[in-house]
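Student: I'm new to this one, and I'd like a close look at a single part. Could you walk me through the nonpolar core and what sits around it?

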Amino acid sequence: MKRSRALVDNRRNKVLLALQSNGFVKVQELAEELQVSPLTIRRDLQYLEDQKKLERFYGGATVKDRVPEIYTEQDEVKLYRQRIAEYAASLVEDGDTIFINTSSTALQMIKYIKDKRVTVITNNGKAIFMEHSSNVSIILSGGELREIKEAMVGEFATNNISKVTAKKSFIGCSGLSPESGMTTEILSEVNINQLMLQRVTGTSYILADHTKLGRNSSFVSCPTESLLNVITDEKAPAEITDGFREHEVNVFCVTKDGHLLRDSGSAELS
């Protein structure tokens, strides 16, 4: 009985997360994604409407005035990573060529780039399967394919990246701190990260949710003095964001609803 209740609660939490991320949900899409019947989804939506967490319409539901509650830390981090990717995508301009590394957060940017002609150069093999607009061209670096992360690394990858430049780079990391800068756990990815940060004609951004801040992984890809911009979220510890600003690093903190904190600037996600 407890297991059954947990499964139902977990499914309804996923419905709320989808609702918060997109602003609305559709019964048929949820049924396919969660692998349950449309009738089950309609019952879930009815329950959540009774709890005043959403408003139903024919075939789906939309958000109420207040933001649905996030129940688990893992789901919250996932939402923040989506918001970071969405904000980063808003910084991409029509005609840009950009670097994206093996970061799952950075990779999500691709699906948020809509009405812009953009070329993405990446060593992330998962880019092949990422939803993207027909306006977005994806160029893979090639190289030795490292399993699990599906990262393309090695001499072939570094040689190819060293022959091109991009307007901007968006790089994720394993750890980020004012003391050590940007760090990663994978030695073979360090050279590629460094090239993607160096071979830009515009600027570079490090993407890191609050769980990455204050962590120091094994290998430094970018020391603090070389950092330009950090995109994180509103739960980032103030002592760490202030530490970056003391090094003249621009820090942008996104909120759950897609805004920037006041000290981060005035832009909002569209």
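Tutor: Here's a walk through the core, with a stop at the surface for contrast. Keep in mind that this is a predicted model. As a rule of thumb, nonpolar side chains in soluble globular proteins tend to be buried together.

The largest nonpolar core here has 28 residues. If you want the ones with the most contacts inside it, look for Phe99, Leu176, Met182, Ile206, Leu227 and Phe244. Several elements each chip in at least two residues, including β8 (151–153), α7 (155–161), β9 (166–172), β12 (200–207) and α9 (238–246). The top giver is α8, with four residues.

Now zoom in on Phe99. Setting aside neighbours within four places in sequence, Phe99 is in contact with quite a list, among them Ile121, Ile161, Val164, Phe170, Leu195, Met196 and Val200. Polar and charged names turn up in that list too, including Lys168, Ser169 and Arg199. There's also a second, separate core of 26 residues, which includes Ala85, Ala89, Leu107 and Val120.

Next, find Ser204 in strand β12. Ser204 counts as buried because its relative accessibility is 7%, under the 20% cut-off. Not counting residues up to four places away in sequence, Ser204 touches Ser169, Leu197, Leu228 and Asn229.

For contrast, go to the loop between β5 (118–122) and β6 (136–140), where you'll find Ile128. Ile128 has 54% relative accessibility, so it counts as exposed. Together with Phe129 and Leu140, Ile128 forms a nonpolar patch on the surface, with about 330 Å² of accessible area among the three.

Key. Residues numbered from 1 in each chain as written. Predicted model: local features only at pLDDT ≥ 70, side-chain atom pairs only at ≥ 80, totals over all residues. Heavy atoms only, no water. Patch = residues over 30% accessible without salt bridge, like charges linked within 9 Å, V, L, I, M, F, W, Y side chains within 5 Å. Areas by Shrake-Rupley, 256 points an atom, 1.4 Å probe, with all protein chains shown as cover. Salt bridge = Lys/Arg side-chain N within 4 Å of Asp/Glu carboxyl O. Buried < 20%, exposed > 50% of the residue type's maximum accessible area, 1.4 Å probe, protein only. Core = buried A, V, L, I, M, F, W, Y, C linked by side-chain atoms within 4.5 Å. Contact = heavy atoms within 4.5 Å.
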